[in-house]
Amino acid sequence: MFNLVLFGPPGSGKGTQSTNIIEKYNLIHVSTGDILRQEVANETPLGIEAKKFMDQGMLVPDEVVIGMISAKIDEHQNAEGFIFDGFPRTVAQAQALDNLLEFKNIPINIVLSLVVSEQELKSRLISRGESSGRSDDNEAVIMKRITEYHAKTSPVADYYKQLDKLVEVKGEGSVNEIFAALSNEINQVQE
Ligand code: AP5
């Protein structure tokens with residue numbers, strides 16, 4: 001089994017690159033953002049609660065997302081591996097993921113961190129907002145998401161660095177160039 005975390009700030013290309021990676025490496029895509037947006041669209045109690053945080057660019061409480069991840073892993077007992085996109089987003093979530101995977105006896109093999117300048121992040125998200133209909137792709141909420149990232153999510157990189165699992169990859173350039181760089185790192189770990 002091969003498991004990877006695709007890490008990076010809002011707009012760094014996690015969703016875009018996950019699409020390519022799941023196809024090439026036959027992994028199950030676990031995007032907490034996508035799962036939460038589905039809950040919001042279905043107007044479930046979880047979605048109604050989560051929307052209050054998402055619309056303000058704030059993180060949804062840890063216990064909510066940790067429960068979602070556990071359920072998603074259990075749905076795919078025979079998976080060849082998982083790519084975690086947008087999770088873990090806090091050190092508490094990273095520790096919970098470690099506990100969960102240890103219990104199931106499956107490791108995190110690599111954490112790939114996409115490095116993109118703040119100016120590029122804002123410009124990507126503002127242009128996506130013009131067509132996506134995502135309620136969190138407007139300037140004020142984008143700024144809040146980036147602030148949340150620095151305050152609560154960037155310490156997750158240090159957490160994985162200490163475990164010697166973090167690899168930084170330049171997240172600017174063409175989608176194909178970045179995919180090639182990510183694939184190169186994955187191939188080295190799989191050898
Ligand atoms: P989530 O959906 O995870 O949003 P995010 O991290 O802000 O990331 P995005 O999906 O906006 O960006 P991305 O890195 O996937 O980039 P993408 O490929 O789309 O989370 C949304 C909200 O849900 C959070 O704010 C929070 O409230 C909640 N949430 C989710 N997970 C949570 C968790 N674990 N804990 C607590 N709360 C949680 O690319 C962005 C744009 O750039 C696209 O238009 C794309 O076409 C373009 N693009 C991509 N690559 C390139 C490139 N190389 N060059 C030019 N443009 C590019």
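## Composition of the ligand shell

Ala, Val, Leu, Ile, Met, Phe, Trp, Tyr, Cys and Pro count here as nonpolar, Asp, Glu, Lys and Arg as charged, and the others, Gly among them, as polar. In this predicted model, the residues of the shell around the ligand divide on that basis into 12 nonpolar, 10 polar and 8 charged. The shell comprises 30 residues, and the closest of them to the ligand are Thr 16, Thr 32, Met 58, Arg 128 and Arg 145.

## Pocket and contributing elements

The ligand sits in the largest pocket. Two or more residues of the surrounding shell are given by each of helix H1 (14-25), helix H2 (32-41), helix H6 (118-132) and helix H8 (175-190), and the largest share, 4 residues, comes from H2.

## Polar contacts and burial of the ligand

Oxygen atoms of the ligand are approached by both side-chain and backbone atoms: a polar side-chain atom of Thr 16 lies 2.5 Å from a ligand oxygen, an N or O atom in the side chain of Arg 128 is 2.6 Å from a ligand oxygen, and a polar backbone atom of Ser 12 is 3.2 Å from a ligand oxygen. Taken alone, the ligand exposes 1,000 Å², of which the protein buries 86%.

## Val 156 in helix H7

Val 156 is found in helix H7, which spans residues 139-162. This residue counts as buried because its relative accessibility is 0%, and the cut-off for that class is under 20%. Although Val 156 and Thr 90 are 66 residues apart in sequence, their C-alpha atoms are 6.0 Å apart in space.

Note on methods
Residues are numbered from 1 along each chain as its sequence is written. This is a predicted model: local features need pLDDT of at least 70, side-chain atom pairs count only at pLDDT 80 or more; totals for chains, interfaces and linings use all residues. Side-chain values use heavy atoms; hydrogens and water are left out. A residue is near a molecule or strand if one of its heavy atoms lies within 4 Å of it. A polar contact is a pair of N or O atoms within 3.5 Å; within protein, one must be able to donate a hydrogen and the other to accept it, and residues adjacent in sequence count only if both atoms are side-chain atoms. Accessible areas come from the Shrake-Rupley method with a 1.4 Å probe; for residues, only the protein chains shown count as cover. On a 1 Å grid over the protein atoms alone, a cavity is a set of points where a 1.4 Å probe fits but cannot get out, and a pocket is an open set with protein on both sides within 12 Å along at least five of seven lines; lining residues have an atom within 4 Å of a point. A molecule sits in a cavity or pocket if more than half of its atoms lie within 2 Å of its grid points. Buried means under 20% relative accessible area, exposed over 50%, partly exposed in between (1.4 Å probe, protein chains only).
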